[in-house]
Amino acid sequence: MTQTRHRIRSPRRTCAYVGIAALAIGVTATASAGISSRTHSAAGPVATSVDSALAPCRIATTMGVQMSEGLPTPPGYSRSTGEVRALNLMIDFPDAKGEGSAMDRLAEFFPQTSNWFRTSSYGRLTYRAEAPIRNWLRMPMPFAAYGIGRGSAYEPGYRQLVEHIAQAADPEVDFSRYDLINVLVTPNAGPSALDTVLSVTFSGNGEAPMADGVPLSNTSFVYSRQDDGSGSYRQTGYRVLPHENGHVFGLPDLYTADGGGAVGHWDIMSEDWGANNDLLGWHKWKLGWLDSNQIGCASKSGVTEQVLTPLGVEGGMKLAFVPLTENSGYAVEVRTQTGNDESVCKPGVLIYRVDSQVDTGRGPVTVSDSTTGSGGCTRRPNVHSELSDAPFRPGETFTDPKSGITIAVTSERPDGSFQIRVTRP
Ligand SMILES: [Zn+2]
């Protein structure tokens, strides 16, 4: 149930990345390429399509994996489509009293977080942020007494904190009205985020304390400001919250003990410092933000041609998937500087391997770099540089020698879409 955030401030690394040159990607084509018919179902994080053509590409959730990339996301997480109601509570402590107003703390995250989800979900997730208590909620014990540090488990410190939050807020809050809870801790409690990021989410936690008849099972905690001193905090500092809420919706961490070298800046679950970024198309499928007719599944041998439109633009084909096993495959999508993808410096076709047997923080997704060792095309702070130029361009081909799968980018169209050709033996 717990998702612990062992967040490392993303180091700029120029040589630690071991190229994934062996990755092959295949893309499949499916016939349908229509504009999605938007359904505002309250389906939750489970992709609703039972389209049999996609079945081989719906790699399964693996037993024993804490948070898996597999489909469907298990029950217990917050729904990720339709109206999602977020309860925001700003808390402080006797030894760390809130500085400034609690509503100013809230304003560090909103409306940016709601806007981020609207953009990323193509309007399918309507994020309603509410703060029925407009001042700091004082905890009964000093911050230090909860024993909270980086990677702290739920028991006993967080359980006690959640119990105290529920007791303090219950007279004014009906917890049963909300899908998730954001606890916005006063930034002066605990260490600077430059030293240690404490922010964490406990999701799908059926053992959480109850309030108003519901378990407080999907709760994100945000601590000190992720301010790198570059002057961009007002624009980018909120991004820790959509990252933490990603866990509430069932998404795993994509950074590893080595930092952002597996996925770089291509998903907010990999890097949430620095310039804005989007989610991978795989995650959008997992969250129910793509329809089955926007996904191609290249499961059969032969050649498949497909035109993919930029992930940041609503409508059209978004994702091609080439399954390798029941638990893994290659995903293919087009990333350009659109939507939330502010930092893209080399638009093109992004290819990555997804493995549902690899747990959160262990590298369940690995991006294939078309230019291994190049150093990348961005020097923006807190953006993993090496993988910034990972996308494949027309004329380039990704090859997986082991499976014999190739994914070639055949052309770029004036509207920003790319044509690809997947060949699998
Ligand atoms: Zn995380």
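Which residue in β12 is the bridge partner of Gly296? The answer is Ala320, and the paragraphs below lead from that pair through the sheets, a helix and the core of this structure.

The structure is a predicted model, in which local features need pLDDT of at least 70 and side-chain atom pairs count only at pLDDT 80 or more, whereas totals for chains, interfaces and linings use all residues. Residues are numbered from 1 along each chain as its sequence is written. The protein has 6 helices and 18 strands, where helices (H or I, at least four residues) and strands (E, at least two) are DSSP runs numbered from the N terminus. Of its 425 residues, 54% count as buried; a residue is buried if 20 or more other C-beta atoms, placed from the backbone, lie within 10 Å of its own.

The pair Gly296 and Ala320 belongs to an open sheet of 5 strands with mixed pairing, in the order β10-β12-β13-β14-β15; two strands count as paired if DSSP finds at least two bridges between them. At the edges stand β10 (295–297) and β15 (365–367), and because each has a single partner strand, one side of each is left without a neighbour in the sheet. Neighbouring strands of this sheet are turned against each other by 25° on average, direction ignored, an angle taken between the N-to-C directions of axes that are lines fitted to C-alpha atoms, on a scale from 0 to 180 degrees.

Within this sheet, β10 and β12 run parallel and are joined by 3 bridges, while β12 and β13 (residues 328–335) run antiparallel with 5 bridges between them. A hairpin leads from β12 to β13 through 2 residues, and Pro323 has Gly329 in β13 as its bridge partner. Strand β12 (residues 319–325) is mostly covered, since 6 of its 7 residues are buried. Towards the other edge, β14 (residues 348–355) pairs with β15 in the antiparallel sense over 3 bridges, and Tyr352 stands opposite Val367 in β15.

Strand β14 also holds Asp355, which is buried, with 22 other C-beta atoms within 10 Å. Leaving aside residues up to four places away in sequence, Asp355 touches Glu69, Asn327, Ser328 and Pro364, a contact being a pair of residues whose C-beta atoms, placed from the backbone, lie within 7 Å. Asp355 and Ile59 are 296 residues apart in sequence, yet their C-alpha atoms are 8.1 Å apart in space.

A further open sheet has 4 strands in the order β11-β18-β17-β16, with antiparallel pairing. Its edges are β11 (302–308) and β16 (397–400), each with a single partner strand, so one side of each is left without a neighbour in the sheet. The twist here averages 15° from one strand to the next. Between β17 (residues 405–412) and β18 (residues 418–424) there are 6 bridges, and Ala408 stands opposite Arg421 in β18.

Turning to a helix, 9 of the 9 residues of α5 (residues 240–248) are buried, so α5 is largely enclosed by the rest of the structure. Just after α5, Gly250 takes a positive phi of about 100°.

The largest nonpolar core has 100 residues, and among those with the most contacts inside it are Ala320, Val349 and Ile420; such a core is a set of buried Ala, Val, Leu, Ile, Met, Phe, Trp, Tyr and Cys residues joined through C-beta atoms within 7 Å. Strand β2 (residues 82–92) gives this core its largest share, 6 residues.

Technical notes: A residue is buried if 20 or more other C-beta atoms lie within 10 Å of its own, exposed if 12 or fewer, and partly exposed in between; C-beta atoms are placed from the backbone. Two residues are in contact if their C-beta atoms, placed from the backbone, lie within 7 Å.
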